[in-house]
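This report walks through one chain of a protein model, moving from a sheet to the helices around it and then to the surfaces where larger parts meet. Please keep the structure in view while reading.

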Amino acid sequence: MAIPGNKDTRDGLLFSLPFLIVFVIFMIFPLVFGLIISFFNWNILGTPSFIGLENYFALFRDSKFYSSLWHTFEFVLMTTPALLLLGFAMALAVTGGSPLKGVMENVFFVPYIFSMTVVSTLWAWIMQKDFGIFNQLLVATGHGPVGWLTNEKMAMWSVALTTLWWTAGFNMVLFSAGIKQIPKEVYESAQIDGASWWQVVRKITVPLVAPTTVLCLILQVIASFNVFGQVYVMTGGGPYGTTRVLVQYIYETGFKYFKMGYSAAMSYILFLIILVISVVQYLLLGRKEEA
Amino acid sequence: MKGKVSLVLLAVFLSMGLLFAQGAKEPASSGPVEITFWSLFTGGDGEFFDAMVKEYNESQNKVVMKNDTVKFDNYYTKLTTALAAGNAPDVIVVHQGNMLPYVQNGSLLALNDYVDAEVLADFQEAPLSGCISDGKIYSLPLDVHPIVMYYNKDLMAQAGITKVPQTAQEFIDASLAVQKATGKWGLAIDNTTGVYKAYTLTRLFMSMLAQQGGSLLNADNTKANFSNAAGERALVWLQDLVHTYKVNPNELDYDAAMNVFKMGDAAFYFNGVWATGTLEQSGLNFGAAPLPGIMGDEPWAWAGSHTLAVPVQKNQDPRKVEAAVDFIEWMTGHGELWAKAGQIPTRKSVTEKAEFKALPYRADYAAAAAYALETPRTPAWEEIYGTMSDMLEEAVTKKLPAKQALANMEKKINGIIASY
């Protein structure tokens with residue numbers, strides 16, 4: 001089998017070594033270290049003291065942990081379906097016959113290249129209660145101002161809307177790649193048979209991009225579970241903590257209150273939740289598609 | 001072959017160790033001492049601070065200070081990790097309220113043997129005592145920044161108010177008068193999280209508790225101490241302004257409150273002295289005064305204090321420590337320059353200087369330093385401060401029943417203290 005004189009194992013290891021070193025230092029080590037300190041009480045400055053599973057017990061008694069986790073779920077439920085649908089609709093628009101499809105593709109994707117801070121700051125200004133352009137327009141047309149970011153019923157939706165504007169373009173790219181892979185002949189024969197546009201989308205495009213949909217769904221759920229930046233910049237978790245998401249709580253306990261162990265324990269719970277959801281999604285959706 | 005691979009790995013790790021080790025180079029021991037500083041001051045404050053550092057560097061030729069600004073949001077994260085690793089800069093700025101964990105973990109150098117006795121005697125007692133633990137001086141206060149009152153002179157004149165309100169009732173009466181005469185807001189107390197939490201509510205709440213002879217936490221900072229008549233009176237006043245008298249906007253965040261007052265849409269405004277600089281630039285016709293005794297005769301007011309400290313290093317260079325202390329002495333001794341940012345100087349000789357007395361507004365509220373409340377000394381403070389602000393925000397904006405809300409808050413705060 002092996003070519004004489006060719007030392008695949010050695011060469012392979014040598015070639016991947018530069019990456020592996022970086023990977024071990026910046027990924028594996030922090031992962032293991034995080035798990036270890038989740039069993040300790042540690043404020044960075046002092047000596048860690050071992051407290052076993054106490055951090056995990058404590059967090060199941062912590063109402064702030066539950067509320068933050070719930071806000072994260074809320075955000076996932078608000079954004080995931082909308083982001084998939086909008087991404088798919090955009091992909092349909094840019095893979096269709098419109099003469100503007102090149103322009104549209106750029107317009108839809110451009111928001112995605114901005115950094116989180118830029119997008120969030122921009123939208124925070126647009127939605128600002130007293131001076132923002134949304135409320136200026138509302139007041140000018142005779143409506144009362146809306147507390148986009150300061151009302152507890154509106155705030156999470158406002159953050160979700162911003163996220164939709166910001167990241168839908170990425171799903172569009174994935175979906176349009178998926179759509180372009182569908183053989184032309186399928187569409188042609190449907191056309192000859194006199195299928196309407198809607199029938200084509202429903203009976204051909206949707207089933208045939210299913211693998212892409214599963215990929216998008218899993219990526220999107222993971223991304224939405226990790227939401228932090230937009231919330232932190234736009235609402236600061238307010239009003240009164242009603243948009244505080246789990247990653248924000250992890251950040252605050254770790255780097256504001258310096259409870260490193262407790263913070264790490266919460267990270268591991270979040271990790272487990274995402275892991276379980278991703279595996280379940282993959283098994284349920286991935287299997288069906290193979291069958 | 002396996003042996004070779006592990007040999008290569010070993011070599012790589014060894015060479016990496018060399019790479020990192022070379023990072024720390026010792027400077028030559030002749031010439032001026034170069035010391036470093038991390039500042040959390042940005043924007044207007046940052047400009048005043050940088051100008052002071054420049055003047056210090058030009059005023060003598062023994063020490064060169066290199067100033068590096070860190071974004072406030074990340075400052076304490078960066079500082080704490082650097083202190084833990086023992087490679088913090090030679091001088092750091094720490095809020096008096098954030099010092100405790102660093103002192104407890106031995107991260108700050110006691111300065112008793114380095115500071116000039118004459119300089120020490122020049123400090124005002126209250127701000128300096130906040131920097132001392134068990135007789136050891138761990139930092140020196142650069143400023144005091146209490147919450148103060150700003151008032152719009154034009155709106156007051158239009159409403160026919162000649163005396164600046166002092167008591168809770170006077171604020172309500174004056175605000176109603178302003179609203180009736182001008183249609184503007186009486187007060188602009190921020191009560192909703194935006195870029196910042198509704199810290200103003202906590203600051204006022206703490207101040208009003210102290211004014212009634214109470215305190216947020218008990219004497220040894222082990223329990224909350226506000227679920228009582230004093231707490232209720234303070235919270236109900238804050239709620240009534242928004243809901244009963246409707247003289248303060250609801251769902252108002254920190255930046256919006258500042259804007260409302262700056263644009264002349266509110267008559268009275270409470271914020272830390274750092275707001276003075278911004279308000280000055282707006283061209284508003286306003287006055288400033290210490291926080292009045294809203295709920296009692298003694299006008300206690302929440303206050304923060306920027307202090308300058310010297311971190312403990314792995315290899316402490318005594319020359320650098322001396323240089324650092326020299327820098328700190330100079331900075332505190334030139335508080336009139338820092339007062340341009342609105343802050344109140346901490347040294348008696350500075351408040352006597354003609355340059356300081358000539359600054360508008362600052363002299364009006366300099367007296368507030370005497371009633372500055374010290375931040376409770378508990379490692380749980382940051383979490384208490386944030387949680388109080390969230391819960392007061394809900395209580396005020398949603399008009400929760402005061403008694404029940406305070407009982408819930410007290411329970412929550414006690415739980416937090418117990419978790420440290």
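## The sheet and its order

In this predicted model, strands β1(B) and β2(B) run parallel and are joined by seven bridges. Within this pair, W38(B) stands opposite D68(B) in β2(B). β1(B), which covers residues 33-39, also pairs in the parallel sense with β3(B), here over two bridges, and W38(B) stands opposite I92(B) in that strand. W38(B) can therefore be used as a landmark when tracing the sheet by eye, because it stands opposite a residue in β2(B) and opposite a residue in β3(B).

On the next step across, β3(B) and strand β12(B), residues 306-309, run antiparallel and are joined by four bridges, with V93(B) opposite L308(B) in β12(B). Taken together, the strands form an open sheet of five with mixed pairing, in the order β2-β1-β3-β12-β6 of chain B. β2(B) (63-69) and β6(B) (140-141) stand at the edges with a single partner strand each, so one side of each has no neighbour in the sheet.

## A buried strand and one of its residues

Is strand β3(B) enclosed or open to its surroundings? Four of its five residues, in the stretch 91-95, are buried, so the strand is largely enclosed by the rest of the structure.

V94(B) lies in this strand and gives a closer look at what being enclosed involves. This residue is buried, since 26 other C-beta atoms lie within 10 Å, where 20 or more are needed for a residue to count as buried. If its neighbours within four places in sequence are left aside, V94(B) is in contact with M99(B), Y102(B), S139(B), T307(B) and A309(B). The C-alpha atoms of V94(B) and S305(B) are separated by 8.4 Å, although these two residues are 211 residues apart along the chain.

## Helices lying across the sheet

Two helices can be followed over the strands. α2(B) lies across β1 and β2 of chain B and runs at about 165° to β2(B). Helix α13(B), residues 318-333, lies across β1, β2, β3, β6 and β12 of chain B, and its direction makes an angle of about 55° with β1(B).

## Helices α9, α18 and α11

Two packed helices are described by the angle between their axes and the distance between the axes. For helix α9(B) (residues 199-211) and α18(B), the axes come within 8 Å and cross at roughly 95°, and the two helices are therefore roughly perpendicular to each other. Y199(B), L201(B), T202(B) and F205(B) on the α9(B) side meet Y385(B), M388(B), S389(B), L392(B), E393(B) and V396(B) on the α18(B) side. Sorted by class, this contact has seven nonpolar, two polar and one charged residues.

α11(B) is largely enclosed by the rest of the structure, because seven of its nine residues are buried. These buried residues are Y254(B), A256(B), A257(B), M258(B), V260(B), F261(B) and K262(B). Their cover includes β7 (145-152), β8 (185-187), α9, β9 (266-272) and α12 (275-281) of chain B. Just after α11(B), G264(B) takes a positive phi of about 75°.

## Two domains in one chain

The domain assignment divides chain B into domain 1 (33-144 + 305-373) and domain 2 (147-302 + 378-418), and the C-alpha centres of these two domains lie 29 Å apart. Their contact takes 17 residues from domain 1 of chain B and 21 residues from domain 2 of chain B. On the domain 1 side, the elements that give two or more residues are α2 (43-59), α4 (99-104), α17 (362-365) and β13 (372-373) of chain B. That side has 11 nonpolar, four polar and two charged residues.

## Where chain B touches chain A

How many residues of chain B are in contact with chain A? There are 29 of them, and they are in contact with 25 residues of chain A. On the chain B side, α1 (2-21), α3 (72-85), α4, α11 (254-262) and α18 (381-397) each supply at least two residues, and the largest share, six residues, comes from α18(B). By class, the side of chain B that touches chain A has 10 nonpolar, 11 polar and eight charged residues.

Conventions. Residues are numbered from 1 along each chain as its sequence is written. Chains are lettered from A and ligands numbered from 1 in the order in which they are written. This is a predicted model: local features need pLDDT of at least 70, side-chain atom pairs count only at pLDDT 80 or more; totals for chains, interfaces and linings use all residues. Domain bounds come from an automatic or database domain assignment. Two residues are in contact if their C-beta atoms, placed from the backbone, lie within 7 Å. Ala, Val, Leu, Ile, Met, Phe, Trp, Tyr, Cys and Pro count as nonpolar, Asp, Glu, Lys and Arg as charged, and the others, Gly among them, as polar. A residue is buried if 20 or more other C-beta atoms lie within 10 Å of its own, exposed if 12 or fewer, and partly exposed in between; C-beta atoms are placed from the backbone. Two strands pair if DSSP finds at least two bridges between them. Axes are lines fitted to C-alpha atoms, for helices over the stretch in contact, and angles run from 0 to 180 degrees between N-to-C directions. Angles under 35 degrees count as roughly parallel, over 145 as roughly antiparallel, 65 to 115 as roughly perpendicular and the rest as oblique.
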